[in-house]
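Me: I am new to this structure and would like a close look at a single part of it. Please start with that part and then place it in its surroundings.

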Amino acid sequence: MEIKLKKYSSVYIVEVIGDMDLYSAFELKNIVAKMLAKGIGLFVLDLAKVDYIDSSGIGVLIHIYSTIKKAQKKLKIVNVHGSVEKVIRLTKLTHYFPIVPSLREAVAQLES
Amino acid sequence: METEKEIIIDDNNALLQREGYFFKEFPSDIRQVRFFSMLIVQKAPPEIKEINLLEQQISELIKNAVRHGNKNDINKKVRVWADFSIDHAHVIVEDEGKGFQKLEEWNEFNKKRNECFASQNFEEMEKYFAFRTEESNENDGGNALFAALEYWDGGVVFNNKKNCIAVYKNFGKKKYGLELNR
C-alpha cells in the first residue's frame, strides 16, 4: 500500500494506492494521526486505487473517521468501488461513512 | 421478515461435512494468510465473479484461526477444506485452539448491532462497530464475522468445540427466482 498526499486549496487529499489489508492498513492510521497533529482540518480519502479491503482496513476507516470527528475536523471518502464497496456494505457501514460520489463534490462540500 | 441471521453451533450440521473436499494445511503464520487464502481460491472456477471478495472472506477465516485460534503459534496448524462450483463455495477452517468461547456473546452482540443498524441509530451504533475481547489487539478490525454472516448466505456454523467454522455461499442465479433448466 502506498499513500500520496495532495493539497487542493485548504483540502488535503489522501490517496491510497493498493490493498488496505492486515499488513498495511495501519499506515493510513498513522499518517492521519500525524496530519491531525499538524492541525489539518479538511480531509478527503480517495480510494479509487484500492481494489481490496479486509476487516483490518475497515477497522482503520472506522478509526480515522471517529478520530477526525472527535477532533471536530472533517472527512469525506470518495471513489469507493468494487469489492471495497461490497465489504463496506456487508459490514453495514455504507450510511455511516461520509462517502460522496466524486472528488469534486467532496471538495465542494468540505469548503462550503 | 427475514429470519434473524446468527452463527449456528452444531457438531452435526451438514455444513461440517468435508469428505472428498480439497484440503490444505498451513502453519499459523500471519504473514502468509493472504497467500494461503489465494491457494484455496485458485480452486474456484474462473466463472465466479468477485473472486477478490471471495479471497477476502476466506482470508478473514484463516486470519481468525491463526490469530485467535492458534494464537500465532507457528507449530499449530490451520486446516482448510474447500469445495467450489459455479454455483457455490463451501469452506471449512479448523484450528488447534481452545475454541471461540465467546461465540454466544458474539451472537447477542450481533443481534443488538443489527437492531441499531436497522434503526440507523448512528450514536448507539458506534458501540457495535467492533467485537472486542481482552485478547483483541489494536490491529484487529473486530468486524470480520459481521461481514461473514452477510456474505456466506448459505450459513455460518461452528462445531461444538468452536474451533472449526464452516461457511457456505450461493452464487448468482437463485436470486432471480427463476430456474433455467438447460
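The request below picks out one helix, and the reply works outward from there.

Me: Which residues of helix 1 of chain B are buried, and what do they pack against?

Reply: A word of caution comes before the details: this is a predicted model. Helix 1 of chain B covers residues 33-41, and its buried members are Val33(B), Arg34(B), Phe36(B), Ser37(B), Ile40(B) and Val41(B). Viewed down the axis of helix 1 of chain B, these buried residues fall within an arc of 155°, so they line one face of the helix. The general background is that an α-helix has 3.6 residues a turn, so residues three or four places apart point the same way. The buried residues of helix 1 of chain B pack against three elements of chain B: strand 2 (22-27), helix 2 and strand 3 (77-84).

One residue of strand 2 shows this packing in detail. Phe26(B) lies in strand 2 of chain B. Phe26(B) has 20 other C-beta atoms within 10 Å, and a residue with 20 or more counts as buried, so Phe26(B) is buried. Setting aside neighbours within four places in sequence, Phe26(B) is in contact with Phe36(B), Lys77(B) and Val78(B). Phe36(B) is one of the buried residues of helix 1 of chain B. As for distances along the chain, Phe26(B) and Asp95(B) are 69 residues apart, while their C-alpha atoms are separated by 9.8 Å.

Strand 2 of chain B also belongs to a sheet. Six strands of chain B make up this open sheet, in the order 1-5-6-4-3-2, and their pairing is mixed. Strand 1 (8-9) and strand 2 of chain B are the edge strands, each pairing on one side only. At the other edge, strand 1 of chain B pairs with strand 5 (residues 155-158) of chain B in the parallel sense, over two bridges. Within that pair, Ile9(B) stands opposite Phe158(B).

The next step out is chain B as a whole. Its secondary structure comes to five helices and six strands, and along the sequence these follow the pattern β-β-α-α-β-β-α-α-α-β-β. The C-alpha trace of chain B spans about 50 × 45 × 30 Å along its principal axes. Chain B has a radius of gyration of 17 Å, which agrees with the value near 16 Å for a compact globule of 182 residues. Buried residues make up 36% of those 182 residues. Of the contacts in chain B with a separation of 6 or more, 65% are between residues 24 or more positions apart.

Helix 2, one of the elements that helix 1 of chain B packs against, also takes part in the meeting of the two chains. There, 24 residues of chain B are in contact with 19 residues of chain A. On the side of chain B that touches chain A, helix 2 (51-69), helix 4 (122-125) and helix 5 (144-151) of chain B each supply at least two residues. Helix 2 of chain B gives the most to that side, with six residues. By type, the residues on the side of chain B that touches chain A divide into 10 nonpolar, eight polar and six charged.

Chain A, the partner, has four helices and five strands, in the pattern β-β-α-β-α-β-α-β-α along the sequence. The radius of gyration of chain A is 13 Å, close to the 13 Å given by the globule rule for 112 residues, so chain A is as compact as a globular protein of that length. Its C-alpha atoms fill a box of roughly 30 × 25 × 25 Å along the principal axes. Buried residues make up 43% of the 112 residues in chain A.

Chain A has an open sheet too, with five strands in the order 1-2-3-4-5 and mixed pairing. Strand 1 (2-8) and strand 5 (99-100) of chain A stand at its edges with a single partner strand each, so one side of each has no neighbour in the sheet. Strand 1 of chain A runs antiparallel to strand 2 (residues 11-17) of chain A, and seven bridges join them. In this pair Lys7(A) stands opposite Tyr12(A).

Last comes the largest nonpolar core, which has 77 residues; those touching the most other members are Val44(A), Ile62(B), Val80(B), Val91(B), Val93(B) and Ala148(B). Apart from neighbours within four places in sequence, Val44(A) is in contact with residues including Val11(A), Ile13(A), Val78(A) and Leu110(A).

Methods:
Residues are numbered from 1 along each chain as its sequence is written. Chains are lettered from A and ligands numbered from 1 in the order in which they are written. This is a predicted model: local features need pLDDT of at least 70, side-chain atom pairs count only at pLDDT 80 or more; totals for chains, interfaces and linings use all residues. Two residues are in contact if their C-beta atoms, placed from the backbone, lie within 7 Å. Ala, Val, Leu, Ile, Met, Phe, Trp, Tyr, Cys and Pro count as nonpolar, Asp, Glu, Lys and Arg as charged, and the others, Gly among them, as polar. A residue is buried if 20 or more other C-beta atoms lie within 10 Å of its own, exposed if 12 or fewer, and partly exposed in between; C-beta atoms are placed from the backbone. The arc is that of the directions from the helix axis to the C-beta atoms. The radius of gyration is taken over C-alpha atoms; the globule rule is 2.2 Å times the number of residues to the power 0.38. Two strands pair if DSSP finds at least two bridges between them. A nonpolar core is a set of buried Ala, Val, Leu, Ile, Met, Phe, Trp, Tyr and Cys residues joined through C-beta atoms within 7 Å.
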